[in-house]
Amino acid sequence: MEGIEKAMNIWIFNHYSNGPLSSGGTRHYDLAKELVKKGYQVTIFASSFAHQASEDTRITKKGEEVKIEQHEGIKFIWIKTEPYVRNNWRRVKNILDYSIRAYKYAKHLKEHPDIIIGSLMHPLAPVIAYWLAKKKKATFYFEERDLWPQTLIDIGGVSKYHPVVIALGLLEKFLYKQATKIIVLFHKAQDYVIGKGIEADKVLFLPNGVDLSRFDSVPSELPLEIEESLRHVKDKFIAIYTGSHGVSDYLDSLLWTAKIVKEKNDHIHFLFVGNGPEKEKLSQLKQELCLGNVTFLPSVLKEYIPTLLERADVGLISLKDAELYKWGISFNKQYDYMAASLPTILLSNRSEYHIEQSGGGVIVRSVEEMAEAILHLFHHENLRKELGENARRFVEDHHSWEVLSTKLISTFDDEKKTRHVEGR
């Protein structure tokens with residue numbers, strides 16, 4: 001019908017995207033919910049294999065390679081991929097399965113998206129997004145979640161002269177040049193991109209955020225097995241960590257902190273929630289250090305995180321001393337802590353934008369300082385409350401998905417004007 005403007009159609013390629021009733025990050029699901037509310041069509045292409053849960057939770061029928069679901073107005077297209085447990089050939093096949101099958105399926109869809117976003121959790125997702133944008137005559141946005149290949153150099157310890165690092169660097173620059181917009185998650189990452197010879201107005205700072213509605217109506221109960229695991233810490237002061245248990249998360253430092261705290265106060269308990277390749281090693285270290293004040297829980301559905309945080313008193317984050325973090329951080333766990341009005345204690349040798357700007361936590365430089373900070377907050381309830389309120393105000397103002405979606409939409413509006421002028 002004439003006079004009725006067609007809703008813009010957005011495709012998002014994120015191999016590891018999650019939907020409802022899942023553990024792990026929900027960046028694009030939460031963002032898409034806000035876009036749909038504001039009249040946009042959104043399709044997310046993601047792997048059926050859930051990385052956090054280490055199982056295929058979406059496609060169980062034998063021979064099925066693609067499954068389509070609708071959640072809150074968002075179309076999810078799940079792509080069947082190889083299961084894996086470790087970073088071996090199976091994970092490589094998982095990446096190839098997603099990339100090849102997602103491209104083939106999307107290529108034959110009759111619809112024509114206006115904007116295609118390729119999210120770099122691995123390099124092939126933005127590559128197929130770029131190819132499809134060319135084929136469909138859509139605008140290509142490149143979302144760089146990690147600053148590859150800098151992450152391999154600073155966190156993985158790979159030489160900058162390694163052929164893989166050089167190849168990824170060339171690919172990164174190619175995607176920068178081809179993209180209409182480059183989405184970055186860290187507040188100083190624009191400087192990183194500009195340093196590669198890219199103009200500043202191509203870069204959009206769109207960090208992770210939080211769905212505040214999850215924290216405004218918190219379920220009172222957790223699954224029975226979780227409640228049983230927490231029964232012995234019911235009256236304890238809880239220092240909590242939620243998220244991945246990987247090398248870059250530096251969680252052994254939190255266990256050493258727990259050892260120091262244990263020697264000074266037996267009313268403080270450390271709770272680790274999540275999975276990852278380092279979890280078995282961390283569990284062994286817990287046993288070696290005889291840490292009765294530490295409990296490990298598996299990953300839980302995103303919907304249960306607010307309930308766990310409501311029972312906690314302080315949120316913990318630890319960072320390795322890596323050059324990568326000079327560009328900033330954007331951890332989902334940090335925004336969850338802030339939304340739950342929890343003060344954050346961050347172990348880092350660098351300054352940190354969110355804590356410094358919000359006044360919602362403390363930055364410490366060593367495990368000894370972290371232990372002292374936890375003990376100090378244990379004894380000062382009013383200070384905990386003040387820091388938590390500061391954090392909540394900050395996340396409401398800057399990191400709700402309602403606020404962040406509006407920021408992204410402003411770039412879509414510019415694109416809509418450009419397409420109208422060019423007659424596309």
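The questions and answers below cover the salt bridges, two helices, the nonpolar cores and one pocket of a predicted model. Residues are numbered from 1 along each chain as its sequence is written, and side-chain values use heavy atoms, with hydrogens and water left out. Because the model is predicted, local features need pLDDT of at least 70 and side-chain atom pairs count only at pLDDT 80 or more, while totals for chains, interfaces and linings use all residues.

Q: How many salt bridges does the count come to?
A: A salt bridge is a side-chain nitrogen of Lys or Arg within 4 Å of a carboxyl oxygen of Asp or Glu. One of them joins Lys281 and Glu278, at 3.4 Å from N to O. By this rule the count comes to 22.

Q: How far apart are the closest N and O atoms of Arg27 and Glu143?
A: Helices (H or I, at least four residues) and strands (E, at least two) are DSSP runs, numbered from the N terminus. Arg27 lies in helix α1 (residues 27–37) and Glu143 in strand β8 (residues 139–144), so the salt bridge of Arg27 and Glu143 links parts of the chain that are 116 residues apart. The closest N and O atoms of the pair are separated by 2.9 Å.

Q: Are Arg27 and Glu143 buried or exposed?
A: Buried means under 20% relative accessible area, exposed over 50%, and partly exposed in between (1.4 Å probe, protein chains only). Arg27 has a relative accessible area of 2%, and for Glu143 the value is 2%. Because each value is under 20%, Arg27 and Glu143 are buried.

Q: Which residue forms a salt bridge with Asp336?
A: Asp336 belongs to helix α12 (residues 332–339), and the other residue of the pair sits 34 residues away, in the loop between β13 (294–297) and α11 (305–310). Asp336 is buried, at 6% relative accessibility, and the loop residue is buried at 9%. The N to O distance is 3.2 Å, and the partner is Lys302.

Q: How many of the residues of α1 are buried?
A: Helix α1 is largely enclosed by the rest of the structure. Its buried residues include His28, Tyr29, Leu31 and Leu35. Just after α1, Gly39 takes a positive phi of about 95°. The number buried in α1 is nine of the eleven.

Q: How many residues of α12 are buried?
A: Helix α12 is mostly covered. Among its buried residues are Tyr335, Tyr337 and Met338. Just after this helix, Ser341 takes a positive phi of about 60°. The number buried in α12 is seven of its eight residues.

Q: Which helix gives the most to the largest nonpolar core?
A: A nonpolar core is a set of buried Ala, Val, Leu, Ile, Met, Phe, Trp, Tyr and Cys residues joined through side-chain atoms within 4.5 Å. The largest has 103 residues, and Phe13, Ile240, Phe270, Phe272, Leu308 and Ile345 touch the most other members. Apart from it lies another core, of 26 residues, among them Met8 and Ile74. The helix that gives the most to the largest core, with seven residues, is α14 (residues 367–379).

Q: With which residues is Leu308 in contact, leaving aside its neighbours within four places in sequence?
A: Contact means heavy atoms within 4.5 Å. Leu308 is a member of the largest nonpolar core. Its contacts, without those neighbours, are Leu222, Leu230, Ile240, Leu271, Val273, Leu297 and Val300.
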